[in-house]
Each structure stands twice: as C-alpha cells, then as structure tokens.
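Biologist: I should be grateful for a close look at the enclosed space inside this protein. Please describe the cavities and what lines them.

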Amino acid sequence: MKTVYFDSAATTQVRDEVIKDMQDVLAVHYGNPSSTHAFGRASKSIIETARKTIAKQLHALPQEIIFTSGGTEADNMILRCAVRDGNVTTIITSPIEHHAVLHTVEELRNEYNVTVEYVKLQHCGTPDYEDLERLLAANDERKLVSLMHINNEIGNILDIDKVANLCKTNNALFHSDTVQSIGHYEWNVEEIPIDFMTAAAHKFHGPKGIGFAYIRKNSNFKPLIFGGSQERGYRAGTEPVHAIKGLETAFKLAYENLEEERAYVQDLKDYFKAILKKEIPEVKYNGNCEDQVKSTYTLINVCLPMSPEKALTLQFQLDLKGIACSKGSACQSGSGKGSHVLAQILDEEDMLKPSIRFSFCKYNTKEEIDYAVGVLKEFV
C-alpha cells in the first residue's frame, strides 16, 4: 500500500544528520554535564554550544535560552512564572490558542484569581488588533499577552511586530507560542520587543521531547522544577545531552536550508490548492489559507463538501489508503472532540462538514499530492 505523510504540523520526520549526531553523543559523550571531570565537561560543552547556536540565530543572549522538554512545558513555565514572579494580574489571549496556553491560563485563573481576557477574532480567525489595543489600554493592571505566531490548525500568521509594539506601548509583557514557526521563519528578538517564545525540535525535523523557552533577560523568574541548578537555575534535572545535540543539528540545518526548503514547500502547498480546487470545486479553505502573506507555507486546512454521516468515516478511509493527515491538531484528534479553533470561525453548516489539516515538508512530493487528491475526489 502506498503511504503518504501529510501531518508535519503534528511532528516531522527526523533528518538523517540529526539521528547520526544523536547516536554519536549517546555512544561517546555519556558523562553527566553537571560533573566536573572531563566526561562531564565534554557533555556540558555540547549543551552550551547548542545554546549559543540558537541564541545567535535568534539574536538573543545565550542565557536567555532555557532547554525544556518541548513547547508545552515552555508555555507552562513562562505563563506560570509570569503570574507568580512577574506580578501579572491580567492575561490577554485568544480562544483559538494551543491548549498548552488555554488550559494553563484557566488553571492560573483558578489558582491565582488572574483576570483572563479573550481578544475578539476576525471572521478568518485572526485576532482583532483594535480589540487587543482596547484591552491593553483598559486599566493599569500588569498584563501579559499570549498569542501564537502561527495557528497550528489553520495556519494563520499573527502580525507579530504589531502585537509586540502594542504591548510595549502599553507596558505589557508579550509571550508567543512560536512552536509552528521556529525553524520555519527568521527571528530577531533585538528588533521585535517580544519577551517570551517557545520551540519544539520535533516541529523542524528534530527529536521529540526537547525544546526551549526564550526568556528575555531580567525577567526575574524563579524555578518551576526544583532540584539541582541546571539551566541557570530555571529548570532542575540532568539535561538530555543527546536530545539537545539533536535539537541543535535540526535547528542549524533548518536555517541553513530555509530559503530553498521554504520555496519548495510553498510550491507544494500552492499545487495542492490548485489541484484540489480543480478536482473538488466546492471545497473551502479555513482561515487565511489562500493568502500567502497571512498564512504559513507549511499547512492548509480544508472543509470538504459531504454529508455529516459520510464525514464520520473520512479520516478512517484516508488512513486505509495510507494517507496521514489530521482532523484539527494532533494533540486533540484522538479525543473525539471537535476543533475548538474551527468552532470559533466556522458557521453551523460548515461545522457539520469534515475539515482536514494537511501539512507539508521537504520530504513530500507532487506525486503524493496527486495521489491524496485522487483519493479525496473518489470519496467525496
């Protein structure tokens, strides 16, 4: 059976170079990085070199990069510490954020009586920037804005410069879940007044279980996990040296090949849209998927014209044909619940139809797109 992987927004295929570098570290550099002997110092050097590599690319300071188990932990760390240690009493977010943000914010409201405000959305799912400005100027409470750069389900791109400058003007902190954009877009934190960002290696062809938080200097956060003094005291626990090395290799290769791979993947997305619209004219695209400027080149979310009864078996049929894609985000697709993102932007009629996310990477081909669209056409 032919197999096609169109779910890179959920996780990506690990590059061969990443696997090799991780194997080398596992075989040779097994010292505890907190040990002072030569074995430990060699492991510590790998970690600090990776930290410097990431910081240089982002135009950050090495001490502003904190390794975590991934994006979810990084989001939790930043939001909780901002409330506990940063005197934040109001959090402004949107109803279509990743659950790593939404559920954390809900817990903080229960634990610390934090005020939570949800910015209004435009019909396409983009935050209403005028409403954000209104919320920021409403009072003198210490505020934190948490809005993701690229929505993981519909691919909308936030105007990061606009939001960052609105926050700066109103003396608010700004956190962005950048899990879908680190490794896919250039960043310069010297030019963008952003306080906190998050990343996960497995979104850019690295290993799972490793990521990082960017925390701007002088944030005065205290540890969230207590124990040793690893990660400059922010996060206790022996660092996974092999995973950090894998993250660094994937990160370096992502940016070394960024323009070439971005052009290739954008071409795949454009081709997918054209072929799908030709074969299934009634198809709709959710969010800003038809706009190259306002939508990421890595994914597309499509609403297919079929009855609710038939829609129930669509993903099962795609899987039988060897096609991997996602109903909403992978983090919730097994829950049986509908997409909280689409529920905010689709009308009642379209909510009854199946919406599928297809996400692409350097390993995909137009032949795979032809096959997937053919299967969709036959089923529809």
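Modeller: The following account concerns the cavities and their linings. The model is predicted, so local features need pLDDT of at least 70 and side-chain atom pairs count only at pLDDT 80 or more, while totals for chains, interfaces and linings use all residues. Residues are numbered from 1 along each chain as its sequence is written, and side-chain values use heavy atoms, with hydrogens and water left out.

A search of the whole structure finds three cavities of 30 Å³ or more. A cavity is a set of points, on a 1 Å grid over the protein atoms alone, where a 1.4 Å probe fits but cannot get out, and lining residues have an atom within 4 Å of a point. A volume is the space filled by probe spheres set on the points, which are joined across faces, edges and corners.

The largest cavity holds about 210 Å³ of space. Its lining comprises 22 residues, and those closest to its centre are His184, His205, Tyr297, Thr298 and Cys361. Helix H8 (residues 258-279) supplies the largest share of this lining, four residues; helices are DSSP runs of H or I, at least four residues, numbered from the N terminus. By class, the lining of the largest cavity has nine nonpolar, eight polar and five charged residues. Here Ala, Val, Leu, Ile, Met, Phe, Trp, Tyr, Cys and Pro count as nonpolar, Asp, Glu, Lys and Arg as charged, and the others, Gly among them, as polar.

The second largest cavity holds about 110 Å³. Among its 14 lining residues, Ile96, Gly125, Pro127, Met148 and Asn151 lie nearest its centre. The lining of the second largest cavity has seven nonpolar residues, six polar and one charged.

Definitions and conventions:
1 Å grid on protein atoms, 1.4 Å probe; cavity = no way out; pocket = protein on both sides within 12 Å on 5 of 7 lines; lining within 4 Å. Helix = DSSP H or I, 4+ residues; strand = E, 2+ residues; numbered from the N terminus.
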